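Q: Could you take a close look at one part of this model, the surroundings of a single aromatic side chain, and then follow the connections outwards from there? Please give the cut-offs behind each term as you go.

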Amino acid sequence: MSLRLGDTAPDFEQDSSLGTIKFHEWAGDSWVVLFSHPADFTPVCTTELGLTAKLKPEFDKRNVKAIALSVDPAELHKTWIKDIEETQKTVVGFPIIADADKKVAALYDMIHPEQSATATVRSLFVIDPKKKIRLSITYPMSTGRNFDEVLRVIDALQLSDAYTVATPGNWRDGDDVIIPLSVQDPELIKQKYPKGYTAQRAYLRVTPQPNK
């Protein structure tokens, strides 16, 4: 099964390091970062999970919950968490799905046979409160993820949803944004962007304001 942007994230019930997870129920009204790991105790995964734990204040500010996945069992996850906390100097407060039967990995197309027939690649999904997939990134098994980019995209998605804007390449929070092509009416533009806007190089730069 191949998931595309805008698809509803598949629901599931699976064991985890924090007990049974009913995914949609657990997600509630939050945004979710769901990301997979080839196996417990691998060095790259250990750094990623430590980094995710340290980013909890940033995720909290954005109403984001993190949830990881590995095809190893829950008891091994719990042992791994102790190792992560010791080596990465942090506290892992989010669940790690124990996908021993690979049910979730199959739902989210996380196993790529040309990489490994048994372990997941480094898939990452950003899922909004309506349970829609808004971002998907797949990294090779040997390469750690860039969580600064994940936060940047979440910022852009949340800004776009709130203010009807688009973001240019390399955009960061606080930079100019773009009036999307779907907004053409001059009066509507004045209403939506009361702080003003400027035409430059075939796009309009605005300072966003809340929708009226």
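A: At 6% relative accessibility, Phe-125 counts as buried (under 20% relative accessible area; exposed is over 50%, and partly exposed lies in between, with a 1.4 Å probe and protein chains only). The model is predicted, so local features need pLDDT (the predictor's confidence in each residue, from 0 to 100) of at least 70 and side-chain atom pairs count only at 80 or more, while totals for chains, interfaces and linings use all residues. Residues are numbered from 1 along each chain as its sequence is written, and side-chain values use heavy atoms, leaving out hydrogens and water.

Over the chain the mean pLDDT is 86, with 89% of residues reaching 70 or more. Among the elements, helix 1 (residues 23–27) has the highest mean, 97, and strand 10 (residues 203–206) the lowest, 53; helices and strands here are DSSP runs of at least four (H or I) and at least two (E) residues, numbered from the N terminus.

The rings come next. The chain holds 7 aromatic pairs (centres of Phe, Tyr or six-membered Trp rings within 6.5 Å; planes under 30 degrees apart are stacked, over 60 edge-to-face, the rest tilted). In one of them, Phe-12 and Tyr-108 meet edge-to-face, 6.3 Å centre to centre with 85° between the planes. That pair bridges distant parts of the chain, since Phe-12 belongs to the segment before strand 1 and Tyr-108 to the loop between helix 5 (103–107) and strand 6, 96 residues apart. Phe-12 and Tyr-108 are both buried. Tyr-108 also pairs edge-to-face with Phe-125, at 5.2 Å centre to centre and 65° between the planes; this pair, too, links distant parts of the chain, from the loop between helix 5 and strand 6 to strand 6 itself, which holds Phe-125, 17 residues away. For Tyr-108 the relative accessible area is 1%. Ring pairs join Phe-12, Phe-23, Trp-26, Tyr-108 and Phe-125 into a cluster.

Strand 6 belongs to an open sheet of 5 strands, ordered 5-4-3-6-7 with mixed pairing (two strands pair if DSSP finds at least two bridges between them). At its edges are strand 5 (96–98) and strand 7 (133–139), each pairing on one side only. Strand 6 (residues 122–127) runs antiparallel to strand 3 (residues 31–37), and 4 bridges join them; across this pairing, Val-32 stands opposite Ile-127 in strand 6.

Back along the chain from the sheet, Gln-14 is found in strand 1 and is buried at 10% relative accessibility. The side chain of Gln-14 makes a polar contact of 2.7 Å with that of Asp-99 (N or O atoms within 3.5 Å, one able to donate a hydrogen and the other to accept it; neighbours in sequence count only through side-chain atoms). Beyond four places in sequence, the contacts of Gln-14 (heavy atoms within 4.5 Å) include Gly-19, Ile-97, Lys-103 and Val-104.

Ser-16 sits in the loop between strand 1 (13–14) and strand 2 (21–22), and is buried with a relative accessible area of 1%. A polar atom of the Ser-16 side chain lies 3.0 Å from the backbone nitrogen of Leu-18, and the Ser-16 side chain also reaches the backbone oxygen of Gly-19 at 2.6 Å. Leaving aside neighbours within four places in sequence, Ser-16 is in contact with residues including Ala-74, Pro-95 and Ile-97.
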